[in-house]
Each structure stands twice: as C-alpha cells, then as structure tokens.
Amino acid sequence: MKSSAIAPARRSSGSFGDIVFEWLCRGAGVFVLLLLGGIIVTLFIGGLPAFRQFGLDFLTSTRWDPVEGREQFGGAVAIVGTVMSSILAIILAVPVAFGIAFFLTELAPPWLRRPMGTAIELLAAVPSIIFGMWGLFVLVPFIQRNIQLPFGDALGTLPLVGFLFQSTNFAGTSIFAASLVLAIMILPFIAATMRDVFEQVPPVYKESAYGLGATRWEVMGGVVIPYTRISVVGGIMLGLGRALGETMAVTFVIGNANRIATSFFDPTTTIASVIAMEFPESLAGGLQQSSLFALGFLLFLISFIVLASSRYLLRPRLKG
Amino acid sequence: MSATTDLHAIAMRPRDESARRARGRRRHLVDQAVRLFCLIATAIGVFFLASILVTLIWRGAPAIDLTVFITDFRPTTYGEPDAEKGGLLHAILGSFVQAGMGVAVGTPIGILVGTYLSEYARQTALGNAVRFVSDVLLSAPSILVGLFIYQLVVLPMGGFSGIAGGLALSIIVIPVVVRTTEDMLTLIPNTLREAVVALGAPKWKMITLVAYRAALSGMVTGILLAFARIAGETAPLLLTSFGNNVVTWDMSKAMASLPVTIYQQANSGFPDLIQIAWAGALMITTGVLLVNIIARTLLRKRI
C-alpha cells in the first residue's frame, strides 16, 4: 500500500518533466523556423524604402551613385556579378571535383584514401578570409603577370570571343580572380558530396560491370553516374549556393567596381561584397543602406532557391 | 551506357578479331586518359591546399613574436625601426569573447532542436520543416545574418557592439550543432532507450541522463566544429561588432575580432600592418585546423 501511494506521485512528476522538456525542444524547433522567417522579413523591411523609391528599375538599373543630392541606386551590376562569378566558379570547380571524387572512390590505393579525403575536407574548414588574403597576395599578382598578359595578347585578337580576354584593367583584381578563388573554396564541398554519393552505389552493381569486362571509366559512366546523377546535381547546387553568398574571399579579389564585366579580366562586384564594402560606412536609415538591404533580400531569395533545390535533390539518397 | 553498347558489340561479333582489338585498345586508352585526368585533378586540389599553407607559414611565421600577443593596435611605423610595433591582443581577446558568447547562446538551442528532431519528431511535418530550414541556414550567406542582427540589435542599441557580434555568431552555431546532435542521437540503438524506459524512467530523464551521455563525444565534436566555424567568420562581425583598436571587455561597445582585424590591416596598404595581418591569418588557420583535427579524432574513437 505504501508503494502505491508513492508511485502515482512519482509518475506525475515524471510526466510533468516530460511535458516541460518536450515543449522546450519543440519551442527550440519553432524558434529555428521563426529565425529564418525573421531574417526574410527583416531584410525585406530594410529594403522597402529602396523598393518603393526605385520599383522594378532597381533590378535593371546599373547606376549606383551614393553622392548626396543625386542618390540613385540600381542593383543590376551586383546581381549579374554574383550570378556570373558563381557560374564561372562552378564551371571551373565541377570537373576537378569530379576527378577528385572518382580518384578517391575508385583509383586511389586504400591507404591513401583516408589521408587524401581528410586533406580535401580540411581545405573546406579554412576560413574564407584566408582564401581572400591568399588570393590578393598570391593569386592576383600571378594572374596579372602570367595569365592576363599572355592570354590577353594571344586570344584578344580572336574574332567574336576576343573581347572576353581584352581588358583595360591591369590590376589583376577581376571577375576571373574571384571565380578562381570561389572555385577553390567550393571544390572540397562538391568533391566530398560526390565521393559520399559514389560510395553509396551498391558494390554488386559495380562488380557485375567489372565482371563483364568493363574498364573503370566504363563502370563510372555506365553504372555509377546514372545511379547517382540526381545527388551529383544536388552536390553541385550546394556548391553554387555557397559561391553565391561568399563574401570575404570575393571582396578581396574582385576589384569592387560598379560596372558589368565584359571580359574575364574586368573588375566588377557582387551583392555580398558590395554589402561588406559599403554597409559599415552607410548612414543608418539612409537610401544607400536601404538599397543594400534590398540587395541582401535578393541574395537571400536566390540562395534560398538554390539551397532548397539542393536539399530536395540530395534528400532521397540521404535516407536510403 | 557506352559500356553496355561496347560490351554488346563485342559479344555479337566475336570473329572480327582486328576490329575487336582496335576497340579494346581504344577503351584502354580512354580509361588511361580518364585516370590521368583524375590524378591531375587530385594533384590540383592538394596543390592549392599546400600553396595556401606554405604561403601562410612563409609570410606569417616570421611575423609572429611576443609583441603580437601582448600589444594592441599601433599605427603604422612607416618603416622606422625604433617606432612602437603593434599586435593583435585586442583582436584575440575580442574573438574569444564573441565566439564564446556565440557558442554559449547557440549550443543549448541547437541541442534542444537536435533532440526534438531525433527524439520527438523523426517523421512529423513540423520536424521535417525544422530539419529543412536548419539545413538551409547551415549554408545560408553569413553576411545576411549580419544584416539581420544589425536591424534587430545594432540599430535599437544605437551602435556596433560585442553583444551583437556574439548573437550573430550564435545564429551560425545553431544549425551546426543541430546537425551533429541529431546525427549522433539517431545512432543510439533503440534498445538502449527501451531499457531505460522499462526501468520506469520518464522520457526526459532517459534523454538527458542516458542518451546525451551515449552521444556525448559526438555532440562535443559538433560544438568544437561550430567554434572552429565561427572563429573564422568575418562578414557578419563587420556589420555587428565592427572592430576596435584597444583591449576591451565591454561587450556593449564596438569590439575587435581576429578576422575583421586581419581584413582591415591586410587592406591598409602598409607593409608592417600587412605583416601583422599575416601573423593573425596563420594563428587563425592553425587554430581552426587543429580544432578540426581534434574533433575528427574524437569522432573516430567513437565509431
């Protein structure tokens, strides 16, 4: 009888603790949802004055004039710069990342796989400001001397595509430098994702193809890639999402000029780097600051779409 | 695809000996070319990692001396040998204070969310939504977090502050801790949970006293990785704590941090300040890579 008198009391204290703890956890989960919503709403409210003032012109105008009295802001240069530098980075990074992933899953001797994989992953952990400094002090002078001059001379005279290599800017800070630094930064993310999905292919599929006499490349092209292509695209989108929002590394090397780059060696700017350059000095509540918020809102939309589709593409494989 | 057609063709025309040999040679050549390409790609990846590390050591190591650790900012010496040299003490302290606040605020929230996803909402609609949003936040542009905190904290407080910097970093910590906490708790076998509940323990005690303990090393790894991630964050701090030239513990004022100080001094154009920036860059990279390696070793022991 004694024990039955105690037991219900204990159970009720336990269930009270259960309710509190479960609601704590659920509340934290809802907080994360509110955080994302809060970021979207805050950026939109911050950008509202600029959207009101310029309307749709904000998306298409290339004028960015913060001088008092004739303030005029258009985001086209930054938007185009963001998208172009990221796409160029993807074009540079994907073949190399694929090569690394193929090497790590199929070609490398087992004793080399782990240290190599770790080295690539450590490259992903290096802070972006380090890439920026390395880009500014090592890569940019190299591009200036050894890439822009010979390539500009040799390819600048080509018909139709020659203008891509001609530039009056000889500082070395350019969209090409930015894309190269971005490519190096996203390389480990894409390579690691590709390696992980390649490893998920059931060995029996590959062994069957090898048993028929297929070479390693034929197994890759005929079995592994068809099996994993959705996840591979997801990994590339993840890299693209990272490249779009990267700030410090790009700010160091892109030249920060408000004009659309017509050549690989022209300076331009991106949304993230124009925010980093101008926001700390902009007047609180001013039109310039509002325009930067508006750009931030657009960047959020673009990268949200890219990251969300990346998650969607990677999801079924992650569960399997 | 090409593999199947080639193999098919071989099987169908066994007597055409020379054509078969030519095809075999071509397949072999393509395979060799692809192998060479992969080798070069891997070499490129390793080359860039090595180039960054070598540059850091080559330019940073000569710049590291005692002065860097015990002095705060001094203006450029203009190359005069007896002028007072500056250091990074203010930035190192500021980084530890803000990153410490970021971890202290972000970790409990992250652990609760991870627990929710693993123990309460594995397949519910709300759980999937939270998991998705947390994954998006993990890769979202960090400069936008800076804009968010600027609007939410810096403007109402009337200026840049260390508190704002710490809060911005805590938002970056949350999704990292959520990911590792959920992954580690999901690894725990259900029999362990059932055994604890069968003893009469309420669920919250099962989670806090048993599940957390079983997942401890993995969760600590997550916190370490989160710390390493925010130690190098520059963009959000530029918009929230902005930077400062003196040693301060006052988090209600603008506060220096290692990455922002590196950024400002690297762009100053003065060789002596750039050298100090390289010293800071070497420090931060060494720290971040060390923490990553420690975290990996912790995790490997568990698995």
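The contact between the two chains takes 75 residues from chain A and 72 residues from chain B. On the side of chain A that touches chain B, α1(A) supplies the largest share, 21 residues. The model is predicted.

**Interface, side of chain A**

- Eight named helices are listed below by position along the chain, each giving two or more residues to the side of chain A that touches chain B.
- Among them, from the N-terminal part, are α1 (2-54), α3 (76-107), α4 (110-125) and α5 (128-155) of chain A.
- Further along chain A, the list continues with α6 (175-199), α8 (216-245), α10 (271-278) and α11 (287-319).
- By class, 51 residues on this side of chain A are nonpolar, 17 are polar and 7 are charged.

**Fold of chain A**

- Chain A has 11 helices and 2 strands.
- Read from the N terminus, the order of elements is α-α-β-β-α-α-α-α-α-α-α-α-α.
- Chain A is more spread out than a compact globule, because its radius of gyration is 25 Å, well over the 20 Å that the globule rule gives for 320 residues.

**Dimensions and packing of chain A**

- Along the principal axes, the C-alpha atoms of chain A fill a box of roughly 95 × 65 × 35 Å.
- Buried residues make up 48% of the 320 residues in chain A.
- Taking contacts in chain A between residues at least 6 apart in sequence, 75% join residues at least 24 apart.

Technical notes. Residues are numbered from 1 along each chain as its sequence is written. Chains are lettered from A and ligands numbered from 1 in the order in which they are written. This is a predicted model: local features need pLDDT of at least 70, side-chain atom pairs count only at pLDDT 80 or more; totals for chains, interfaces and linings use all residues. Helices (H or I, at least four residues) and strands (E, at least two) are DSSP runs, numbered from the N terminus. The radius of gyration is taken over C-alpha atoms; the globule rule is 2.2 Å times the number of residues to the power 0.38. A residue is buried if 20 or more other C-beta atoms lie within 10 Å of its own, exposed if 12 or fewer, and partly exposed in between; C-beta atoms are placed from the backbone. Two residues are in contact if their C-beta atoms, placed from the backbone, lie within 7 Å. Ala, Val, Leu, Ile, Met, Phe, Trp, Tyr, Cys and Pro count as nonpolar, Asp, Glu, Lys and Arg as charged, and the others, Gly among them, as polar.
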